[in-house]
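Me: I am new to this structure and would like to understand the words used for it. Could you take me through them?

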Amino acid sequence: MKYLCLFICCFLGMAAPLQAQDEIVIEMQGEPSVLPDAPTLWDRDAVQLTKKLRGKTREQVLYAVPIVSDKDRIIPARRGEYALVEYYQGENFRKFLFKAESPQIFVAAAATAADVLAVNKKYGVNIGLSQKAFENFYQDKAQKEENAFLPQEAVLYQLDYTDVNTPKSVKRWFLFEKGNLSQTFETSGTKNAYLEALKRQTEETQKANQQAAAQTQQPQRRAVRKALISGGTEWDRAYLPRVVNPKPMLITPTQTEKSSKK
């Protein structure tokens, strides 16, 4: 027991200096680590995005972009289909076109109205463009064409069009309905044929409406009802109503001796 007490006292005596010491602090010095360059949308144009995303699949692009897409759908084309992914931030947009068949490889990017028109022309699609974005981008370059047979909320623009694949200016027409691009006309012939079809449709509708109004305004014929004044067959006397106190509509004048002498 004596040795045990002595050991405890010695241990406490050694532990006391350890408790009095300060805590150990380890300091590390060096340059801060640099995060990898994450793909961004709004500070890159279509050319930069195309270079960065070339060869990527739709799944890889969706995973790499740090925001959720606003639209993701399959759209028709002149030949086949494409997958379209769209991002919006106020008036800004970024559109990515992919092949529809698996693997859905990246095809093209659009960040402006001109990009959209170029993609539409090259791939035979309509990836969507608002009338406001078109007007803001082209401003005085696009000319509005008036036509009495255009439907309500429809606007037709003519533009001297150029892009990377169309260096020489050509006239093209863009039809917007309810604020969005609905049709593109490559030639004046296709544009005029569309307007002529609208004219015929309007004239046929007006003609049909006029015929319907004329039929409504025609007076209705009175129904002819027969009634028996006197005489008649047995069937007439049995089934026809009989006129009481008839007033003859035509009085046959009687010939007198005086009038005959004249």
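Reply: Happy to! Keep in mind that this is a predicted model. We can begin with the pocket: the lining of the largest pocket divides into 14 nonpolar, 4 polar and 7 charged residues.

Me: Which element gives the most to that lining?

Reply: Helix 4 does, with 6 residues.

Me: Why are Phe134 and Phe174 called a tilted aromatic pair?

Reply: Ring centres must lie within 6.5 Å to pair, and planes that are neither under 30 nor over 60 degrees apart count as tilted. Phe134 and Phe174 are 5.7 Å apart centre to centre, with 50 degrees between the planes, so the pair is tilted.

Me: What does this pair tie together?

Reply: Phe134 lies in helix 5 and Phe174 in strand 7, so the pair ties together parts that are 40 residues apart in sequence. Phe134 also forms a tilted pair with Phe176, at 5.0 Å centre to centre and 50 degrees between the planes. Phe176 lies in strand 7 too, so this pair ties together parts 42 residues apart in sequence.

Me: How do you know whether Phe134, Phe174 and Phe176 are buried or exposed?

Reply: Buried means under 20% relative accessible area. The value is 0% for Phe134, 1% for Phe174 and 0% for Phe176, so each of these residues counts as buried.

Me: What makes Arg172 a charge over a ring?

Reply: CZ of Arg has to be within 6 Å of the ring centre and within 35 degrees of the ring normal. The charged end of Arg172 sits over the ring of Tyr161, 4.6 Å from its centre. Tyr161 belongs to an aromatic cluster that includes Phe134, Phe174 and Phe176.

Conventions. Residues numbered from 1 in each chain as written. Predicted model: local features only at pLDDT ≥ 70, side-chain atom pairs only at ≥ 80, totals over all residues. Heavy atoms only, no water. Helix = DSSP H or I, 4+ residues; strand = E, 2+ residues; numbered from the N terminus. Nonpolar A, V, L, I, M, F, W, Y, C, P; charged D, E, K, R; others polar. Phe/Tyr/Trp six-rings, centres within 6.5 Å; stacked < 30°, edge-to-face > 60°. Buried < 20%, exposed > 50% of the residue type's maximum accessible area, 1.4 Å probe, protein only.
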